[in-house]
Amino acid sequence: MALTDFFRINLPYGIKKDEDGAWFAFNREYKPLGYNDSRTRVEYSSIPIATKYKGLTTNRIKKIIANPKLIHYDDKGEAISAHLYSDATNPQSFPEHWDTYFKQIKELSKLEIK
């Protein structure tokens, strides 16, 4: 999918935990927010985009993410990534999903850094 508009480039499609336990938000092309070149592979560890947040646990993620099928786990059962919407619930394509999307953003925005 091409990065064709503000929504796909600058608004979160999901969050992912890095190997150090810090989290970052990514856009529709799985790039850091604002990154607008889908042709380039990004080495996440080479740029300071991840942050450790107080209380961002698997249980908290389960409470924030509306669709539990959009949470991905490691082999220990810990959440390692989560999507805020799917193709079927993309708020840009299906406006009835904006409230759910913004509710998740609101909950994520409450997180404070460690």
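I began with Asp-5, which pairs with Arg-8 in a salt bridge. The closest N and O atoms lie 2.5 Å apart. I am working on a predicted model, so that distance is a computed one. Next I checked burial for this pair. Asp-5 is buried, and Arg-8 is buried as well.

I then searched the whole structure for salt bridges. The search gave four. I noted the Asp-5 pair and two others.

Second entry: Arg-28 and Asp-87. They form a salt bridge, with 2.6 Å between the closest N and O atoms. I looked up where each residue sits. Arg-28 is in the loop between β2 (23–26) and α2 (58–64). Asp-87 is in the loop between β4 (79–83) and α3 (98–109). The two are 59 residues apart, so I logged the pair as a link between distant parts of the chain.

Is each partner buried or exposed? Arg-28 has a relative accessible area of 9%, so it counts as buried, the cut-off being under 20%. Asp-87 comes out at 52%, so it counts as exposed, the cut-off being over 50%.

Third entry: Glu-112 and Lys-54. Their side chains meet in a salt bridge at 3.8 Å, N to O. This pair counts because the limit is within 4 Å. Glu-112 lies in the segment after α3, and Lys-54 in the loop between β2 and α2. They are 58 residues apart, and this pair too links distant parts of the chain.

I checked exposure here as well. Glu-112 is exposed, with a relative accessible area of 52%. Lys-54 has 46%, so I put it down as partly exposed.

Methods
Residues are numbered from 1 along each chain as its sequence is written. This is a predicted model: local features need pLDDT of at least 70, side-chain atom pairs count only at pLDDT 80 or more; totals for chains, interfaces and linings use all residues. Side-chain values use heavy atoms; hydrogens and water are left out. Buried means under 20% relative accessible area, exposed over 50%, partly exposed in between (1.4 Å probe, protein chains only). Helices (H or I, at least four residues) and strands (E, at least two) are DSSP runs, numbered from the N terminus.
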